Amino acid sequence: MTDIKVIIPAYNEGDSIAHVVSELPKSVSEIIVINNNSTDNTALNAKKVGATVLTENRKGYGYACLKGIDYIAKQSKQPDIIVFIDGDYSDYPEELDKVVAPILNQDMDFVIGARTKKLREAGSMTFPQIFGNELATLLMKLFFGAKFTDLGPFRAIKYEKLKELNMEDKTYGWTVEMQLKALRKKLAYTEVPVRYKKRIGVSKVSGTVKGAIFAGVKILGWIFKYSIK
């Protein structure tokens, strides 16, 4: 049986995290929630529904993801696939099977759950998110011939391939770094369309001007860094 572990970075997602954990398929061997300096009941609510809860006090999406990866690396048995999903309940956790299917059935290395317009709830993505996704994927197409259409956080990757990427971004550039490094390493990748709904609570990135600006700078910085290598 394929061993799948899920990493969920979570900062003040106390109202949503139990929904995310509870609705992931039971075939997942472990759900790892990284409590990223939350000031609410995120950790308690995640534990109540059976998640492994780790603490990362350094705020940043990348810091949280790296904490989860480090935890898995120290386990005696390594998983086959790692899935990343946000803790805000904007994705549909039950679609994990759909996201990992190309790895299981087509031997893909890396899969993005693409938030296509026809499957998105109205208002579920802000203008900065939509603009940033379109700009980033356009630049990746121009510079690297990429076929990505989204920087969607719901994604799956073979664990061995994830280790090869040597991920390092600590904050907003995590998703685009993974995609750029997948291109550089010539991983076999694809996208699958996934549904997307309004998140519970306020976005820490696109919901604030500061967050949107910093995310944009980080994403563009990674793209231009790789374009001149």
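Lysine 5 stands opposite glutamate 30, a residue of strand β2, in this predicted model. The pairing between β1 and β2 (residues 30–35) is parallel and extends over six bridges. On β1 there is a second partner, strand β4 (residues 81–84), which is joined to it by four bridges and also runs parallel. In that pairing valine 6 stands opposite valine 83 of β4.

Strand β1 covers residues 4–10, and seven of the seven are buried, so the strand is largely enclosed by the rest of the structure. The enclosure applies to both faces. One side carries Ile4, Val6, Ile8 and Ala10, the other Lys5, Ile7 and Pro9, and each of these residues is buried. Lysine 5, the residue opposite glutamate 30, is therefore among the enclosed residues of the strand, since seven of seven are buried.

The strand belongs to a protein with eight helices and seven strands. With 229 residues, a compact globule would be expected to have a radius of gyration near 17 Å, and the protein agrees with this at 16 Å. Along the principal axes, the C-alpha atoms fill a box of roughly 45 × 40 × 35 Å. Of the 229 residues, 52% count as buried. Among contacts with a separation of 6 or more, 77% are between residues 24 or more positions apart.

The accessible surface comes to about 10800 Å², and carbon and sulfur atoms account for 56% of it. As for charge, there are 34 positive and 26 negative side chains. The centres of these two sets lie 4 Å apart.

Next comes the loop between β5 (110–114) and α5 (127–144), where methionine 125 lies. Arginine 115 is found in the loop between β5 and α5 as well. Is methionine 125 buried or exposed? Its relative accessible area is 9%, and because the limit for a buried residue is under 20%, methionine 125 counts as buried. Arginine 115 also counts as buried, at 7% relative accessibility.

Which residues does methionine 125 touch, beyond those up to four places away in sequence? They are Arg115, Arg120, Ile130, Asn133 and Tyr196. Arginine 115, with neighbours within four places in sequence left aside, is in contact with Arg120, Met125, Gln129, Asn133, Asp150, Leu151, Gly152, Pro153, Val194 and Tyr196. Arg120, Asn133 and Tyr196 thus appear in the contacts of methionine 125 and in those of arginine 115. The C-alpha atom of methionine 125 is separated by 21 Å from that of alanine 156, which is 31 residues away along the chain.

Two further loop residues deserve a look for their backbone angles. Aspartate 107 has a positive phi of about 60° although it is not a glycine. Its place is in the loop between α4 (96–106) and β5. With a relative accessible area of 52%, aspartate 107 is exposed, because exposed means over 50%.

Lysine 186 is likewise a residue other than glycine with a positive phi, near 60°. It is found in the loop between α7 (174–184) and β7 (189–193). At 73% relative accessibility, lysine 186 counts as exposed.

How values were computed: Residues numbered from 1 in each chain as written. Predicted model: local features only at pLDDT ≥ 70, side-chain atom pairs only at ≥ 80, totals over all residues. Heavy atoms only, no water. Helix = DSSP H or I, 4+ residues; strand = E, 2+ residues; numbered from the N terminus. Rg over C-alpha atoms; globule rule 2.2 N^0.38 Å. Buried < 20%, exposed > 50% of the residue type's maximum accessible area, 1.4 Å probe, protein only. Contact = heavy atoms within 4.5 Å. Areas by Shrake-Rupley, 256 points an atom, 1.4 Å probe, with all protein chains shown as cover. Lys, Arg positive; Asp, Glu negative; His and termini not counted. Charge placed at Lys NZ, Arg CZ, Asp CG, Glu CD. Pairing = 2+ DSSP bridges.
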